[in-house]
Amino acid sequence: MQRIRNAIQLTGLSQGELADLYSYPAQLDAPWVRANFISSIDGAATSGGLSEGLGTPADKTVFLILRELADVILVGAGTVRAENYGGAHTDPPRRRSLYDRGLGGERDGAPPPIAVLTASASVEPGSRLCTDATVPPLIITTAAAPQERKQRLTDAGARVIEAGDIAVTPKALLRTLDELGLRRVLCEGGPHLFGEMLEADAVDELCLTTAPMLVGGAGRRISLSAHDFRTLMARKHILLDDDGTVLTRWVRRR
Ligand SMILES: NC(=O)c1ccc[n+]([C@@H]2O[C@H](COP(=O)([O-])OP(=O)(O)OC[C@H]3O[C@@H](n4cnc5c(N)ncnc54)[C@H](OP(=O)(O)O)[C@@H]3O)[C@@H](O)[C@H]2O)c1
């Protein structure tokens with residue numbers, strides 16, 4: 001019997017070992033976009049309309065370490081609205097320790113900001129995104145979005161940035177993050193944003209959790225886009241948990 005290369009049992013891995021397994025490239029001179037998704041074995045990205053129903057303890061562990069390694073968490077407004085997104089609550093000592101090791105994190109232990117992409121600035125200023133966050137969220141939006149909405153978000157503590165006229169291209173989005181010095185990008189979806197970024201060849205890697213379940217219904221897959229295209233990926237590792245959860249890391253082939 002042959003062992004599968006790079007297949008690792010998750011149980012027993014320390015936080016430091018996990019951080020090493022998921023560390024971003026050491027020298028980044030441009031944003032590196034990592035997407036993180038969960039799906040059922042049969043490819044559903046949601047159960048009951050949300051990703052939450054798919055989660056497992058192993059997924060939660062990796063979800064948190066990915067947040068701790070990131071400079072910014074990028075998310076589409078559809079996901080923010082559907083999942084009532086709040087700010088990231090990462091572990092301050094771990095963020096400091098990652099910073100000290102040169103792996104990301106933050107010198108003062110602060111969490112990464114959530115950056116929401118929204119053409120229309122349709123995010124509620126009273127939502128958890130603004131009320132349950134220790135660092136101001138970034139609202140990356142357009143000149144065409146109603147001024148009043150942008151002002152209300154600014155008044156609620158968000159940092160509103162116009163990065164396009166009626167939409168924000170992936171290129172303009174990444175340029176904006178780069179200008180802010182946010183190069184370790186963690187994109188948490190949703191499928192429309194991921195599909196658009198993939199189609200623009202703007203995704204460097206995918207971390208995918210396969211939850212040990214089948215989900216009935218017509219749940220969508222993790223990427224949605226108008227066209228059929230292929231992006232070849234190379235497998236970096238597979239983590240296995242005893243409950244059947246499989247966590248894979250895929251990096252774009254160059
Ligand atoms: N399985 C998973 O891991 C996972 C992860 C994330 C989400 N989800 C699920 O996916 C669903 C939501 O995903 P979704 O695909 O419907 O929405 P989404 O990708 O999160 O967000 C789409 C929205 O992003 C904004 N947007 C996208 N492209 C843009 C551009 N070029 N310029 C400006 N704004 C842009 C628009 O916001 P405006 O409409 O505000 O203009 C658009 O409506 C939820 O059910 C959620 O639970 C699953």
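Arg-252 counts as buried, at 9% relative accessibility. Buried means under 20% relative accessible area, exposed means over 50%, and partly exposed lies in between (1.4 Å probe, protein chains only).

The model is predicted, so local features need pLDDT of at least 70 and side-chain atom pairs count only at pLDDT 80 or more, while totals for chains, interfaces and linings use all residues. Residues are numbered from 1 along each chain as its sequence is written, and side-chain values use heavy atoms, with hydrogens and water left out.

**Exercise 1. Find the acidic partner of Arg-252 and place both residues.**

Step 1. Apply the salt-bridge rule: a side-chain nitrogen of Lys or Arg within 4 Å of a carboxyl oxygen of Asp or Glu. The partner is Asp-201, with closest N and O atoms 2.5 Å apart.

Step 2. Locate the two. Asp-201 sits in the loop between α8 and β8 (205–211), and Arg-252 in strand β10 (residues 246–252). They are 51 residues apart, so the pair links distant parts of the chain. Helices (H or I, at least four residues) and strands (E, at least two) are DSSP runs, numbered from the N terminus.

Step 3. Check exposure. Asp-201 has 43% relative accessibility and therefore counts as partly exposed.

Step 4. Widen the view. Asp-201, Asp-204, Arg-252 and Arg-254 form a network of salt bridges.

**Exercise 2. Describe the salt bridges of Arg-67 and Arg-183.**

Step 1. Arg-67 bridges to Glu-188 at 2.8 Å, N to O. This pair too spans distant parts of the chain, 121 residues apart: Arg-67 is in helix α2 (residues 57–69), Glu-188 in the loop between β7 (184–187) and α8 (191–199). Both residues are buried.

Step 2. Arg-183 bridges to Asp-178 at 2.7 Å, N to O. Asp-178 is partly exposed at 25% relative accessible area. Arg-183 is partly exposed as well, at 28%.

Step 3. State the total. The model holds 13 salt bridges.

**Exercise 3. Test the length of helix α2 and list its buried residues.**

Step 1. Compute the expected span: 1.5 Å times one less than the number of residues. For the 13 residues of α2 that gives 18 Å.

Step 2. Compare. The end C-alpha atoms of α2 are 19 Å apart, which agrees.

Step 3. List the buried residues of α2: Ala-58, Asp-59, Val-62, Ile-65, Leu-66, Arg-67, Glu-68 and Leu-69.

Step 4. Recall the geometry. An α-helix has 3.6 residues a turn, so residues three or four places apart point the same way.

**Exercise 4. Work out the surroundings of strand β4.**

Step 1. Look at its faces. Strand β4 covers residues 114–117. Ile-114 and Val-116 lie on one side, Ala-115 and Leu-117 on the other, and all are buried.

Step 2. Find the strand partners. Two strands pair if DSSP finds at least two bridges between them. Strand β3 (residues 72–76) runs parallel to β4 and joins it by four bridges. Strand β5 (residues 138–141) also runs parallel to β4, with three bridges.

Step 3. Name one residue pair on each side. Leu-74 has Ala-115 in β4 as its bridge partner. Leu-117 stands opposite Ile-140 in β5.

Step 4. Follow β5 to Thr-141, which lies in that strand. Thr-141 is buried, with a relative accessible area of 0%. A polar atom of its side chain lies 3.4 Å from the backbone oxygen of Ala-119.

**Exercise 5. Which residues come nearest to the ligand, and which polar atoms lie close to the ligand's own?**

Step 1. Count the neighbours. Of the 28 residues around the ligand (a heavy atom within 4 Å), Ala-45, Thr-79, Glu-83, Thr-118 and Glu-196 come nearest.

Step 2. Take the ligand nitrogen. A nitrogen atom of the ligand is 2.8 Å from a polar backbone atom of Val-168.

Step 3. Take ligand oxygen. One contact runs to a side-chain N or O atom of His-192, at 2.7 Å. Another runs to a backbone N or O atom of Leu-193, at 2.9 Å.

Step 4. Assess the burial. The ligand alone exposes 930 Å², of which the protein buries 87%.

**Exercise 6. Place Thr-169 and Cys-130.**

Step 1. Thr-169 is in the loop between β6 (159–162) and α7 (170–179). Thr-169 is partly exposed at 44%. From Met-197 it is 28 residues away in sequence and 8.8 Å in space, C-alpha to C-alpha.

Step 2. Cys-130 is in helix α5 (residues 128–131). Cys-130 is buried, at 13%. Ala-156 is 26 residues from Cys-130 in sequence and 6.4 Å in space, C-alpha to C-alpha.

Methods:
A polar contact is a pair of N or O atoms within 3.5 Å; within protein, one must be able to donate a hydrogen and the other to accept it, and residues adjacent in sequence count only if both atoms are side-chain atoms. Accessible areas come from the Shrake-Rupley method with a 1.4 Å probe; for residues, only the protein chains shown count as cover.
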